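Here are my comments on the model you asked me to look over. Keep the viewer open as you read, and find each residue as it comes up.

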Amino acid sequence: MQESSHDKTSPSDAGAAQDGITPAQAAPATSASAAAPANARGDAARTAHSAGGGGGLSSMQQVVELADGLSTIADRLHERILREIRSYDGRGVPVPVQDAMRRLLDDEMVLRQRANTLYADAAAFVIQGLGQPQSRLVALTAAAAEKIRRIGVIGEVTGLVGGLLSLAGAVAIGQPTPIVLAIEKIQLHSTTLDALTPTPPTAAA
C-alpha cells in the first residue's frame with residue numbers, strides 16, 4: 001500500500017476552512033488506514049493461490065490486491081480533500097464545496113471499511129468465473145487513484161468514487177454480474193473525466 005495521507009497534514013491546516021470542514025475533522029479518517037489487519041493480509045498472501053488463470057478475484061491474493069487498491073484510493077482522496085481545504089487559506093469555503101467534501105469524506109471512510117473487510121476475510125470473497133482479468137481491476141483502481149490526486153475541481157470526482165464504492169460493495173455480495181456493472185461504471189466515469197478540459201490542481205501544500 002502506498003504512503004498514508006496523514007503525513008500531508010500540518011499544524012497550519014488548523015482553521016483553514018470556516019463554518020465547515022477543517023483538517024481537524026478530516027484527519028481522523030486517515031487513522032483507519034492503519035486499521036487494515038496486517039496479520040490477515042500476511043496470512044492471505046501466504047496462503048493465496050497463484051494470481052494466474054481464473055480471471056480477476058479468483059484467488060485470495062487477488063482479493064488482497066483489490067483491497068490494496070481501494071486503500072490507496074482512500075489515501076489519495078483524503079490528501080485531495082486536505083489540499084482543497086488548505087487552498088482557501090483561512091477564507092470561507094463555499095457551501096457547495098463543503099457539501100462535496102463532506103460526501104467524499106464519508107465515501108473515504110466507507111472505502112477503508114470495505115478494504116479492511118476484504119483484508120480480514122479474503123477467502124470469503126474469492127469469486128470464480130468473473131470473466132474480467134485481474135489486470136483490468138488493478139489498472140482501473142490505479143488510474144482512479146491518480147485521477148483523484150490530480151483532479152482540479154474536487155466535485156468532479158464524486159461519480160468516479162461512487163463507482164468504486166459500487167465495486168467494493170459488489171465484491172462483498174460475491175456475484176459476478178454486479179461487479180462487472182460496477183467496473184463499467186468506473187470506466188464510464190474515468191472516460192468522462194478524461195474528456196473534461198484539464199483544470200490545474202489547487203496549489204499543493
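The points below go from the overall picture to a few single residues.

1. Start with what kind of model this is. It is predicted, and its confidence varies along the chain. The average pLDDT is 80, and 69% of the residues score at least 70. Helix α3 (residues 60-87) has the highest confidence, with a mean of 97, while helix α2 (residues 38-47) has the lowest, at 44.

2. Two stretches deserve a warning. Residues 1-19 have pLDDT below 50, although the model gives this stretch 50 contacts beyond near neighbours in sequence. Residues 38-53 also stay under 50, with 21 contacts beyond four places in sequence. Where pLDDT is low, the predicted coordinates should not be read in detail. I'd leave the contacts of those two stretches out of any close reading.

3. Now the overall fold. The protein chain has seven helices and zero strands, so to speak an α-α-α-α-α-α-α run from the N terminus on. Of its 205 residues, 46% count as buried. Look also at how far apart in sequence the contacting residues are: among contacts with a separation of 6 or more, 81% join residues 24 or more positions apart.

4. Which residues touch the most other members of the largest nonpolar core? They are L57, L167 and I179, in a core of 47 residues. Helices α3, α4 (95-120), α5, α6 and α7 each supply at least two of its residues. The biggest giver is α3, with eleven residues. As background, nonpolar side chains in soluble globular proteins tend to be buried together.

5. Helix α3 is worth a look of its own. Of its 28 residues, 25 are buried, so to say mostly covered. Its length checks out too: at 1.5 Å a residue it should span 40 Å, and its end C-alpha atoms are 41 Å apart, which agrees.

6. Next, helix α7 (residues 176-195). It has 20 residues and reaches 29 Å from first C-alpha to last, close to the 28 Å expected at 1.5 Å a residue. Its buried residues are I179, A182, I183, I186, S190 and L193. Seen down the helix axis, these buried residues of α7 fall within an arc of 105°, so they line one face. An α-helix has 3.6 residues a turn, so residues three or four places apart point the same way. Try checking that against the numbers in the list.

7. What do the buried residues of α7 pack against? Their partners are α5 (134-150) and α6 (158-173). On the other side of α7, T177, L181, L188 and A195 are exposed. For a single example from the buried face, take I179: leaving out residues up to four places away in sequence, I179 touches L57, I127, L130, L167, A170 and V171.

8. L57 has come up twice now, so here is more about where L57 sits. It lies in the loop between α2 and α3. Is L57 buried or exposed? Its relative accessibility is 0%, so L57 counts as buried. The backbone is worth checking as well: L57 has a positive phi of about 60° although it is not a glycine.

9. Compare that with D89, in the loop between α3 and α4. D89 comes just after α3, and its phi is near 50°, again a positive value in a residue other than glycine. With 67% relative accessibility, though, D89 counts as exposed.

10. Finally, follow Q134, which is found in helix α5. At 9% relative accessibility, Q134 counts as buried. Beyond its neighbours within four places in sequence, Q134 is in contact with G55, G56, L57, Q62 and E65. Two of these links involve polar atoms: the side chain of Q134 reaches the backbone nitrogen of L57 at 3.0 Å, and a polar atom of that side chain lies 3.1 Å from the backbone oxygen of Q62. Q134 and Q62 are 72 residues apart in sequence, yet their C-alpha atoms are 7.1 Å apart in space.

Definitions and conventions
Residues are numbered from 1 along each chain as its sequence is written. Side-chain values use heavy atoms; hydrogens and water are left out. pLDDT is the predictor's confidence in each residue, from 0 to 100. Helices (H or I, at least four residues) and strands (E, at least two) are DSSP runs, numbered from the N terminus. Contact means heavy atoms within 4.5 Å. The expected span of a helix is 1.5 Å times one less than its number of residues. Buried means under 20% relative accessible area, exposed over 50%, partly exposed in between (1.4 Å probe, protein chains only). The arc is that of the directions from the helix axis to the C-beta atoms. A polar contact is a pair of N or O atoms within 3.5 Å; within protein, one must be able to donate a hydrogen and the other to accept it, and residues adjacent in sequence count only if both atoms are side-chain atoms. A nonpolar core is a set of buried Ala, Val, Leu, Ile, Met, Phe, Trp, Tyr and Cys residues joined through side-chain atoms within 4.5 Å.
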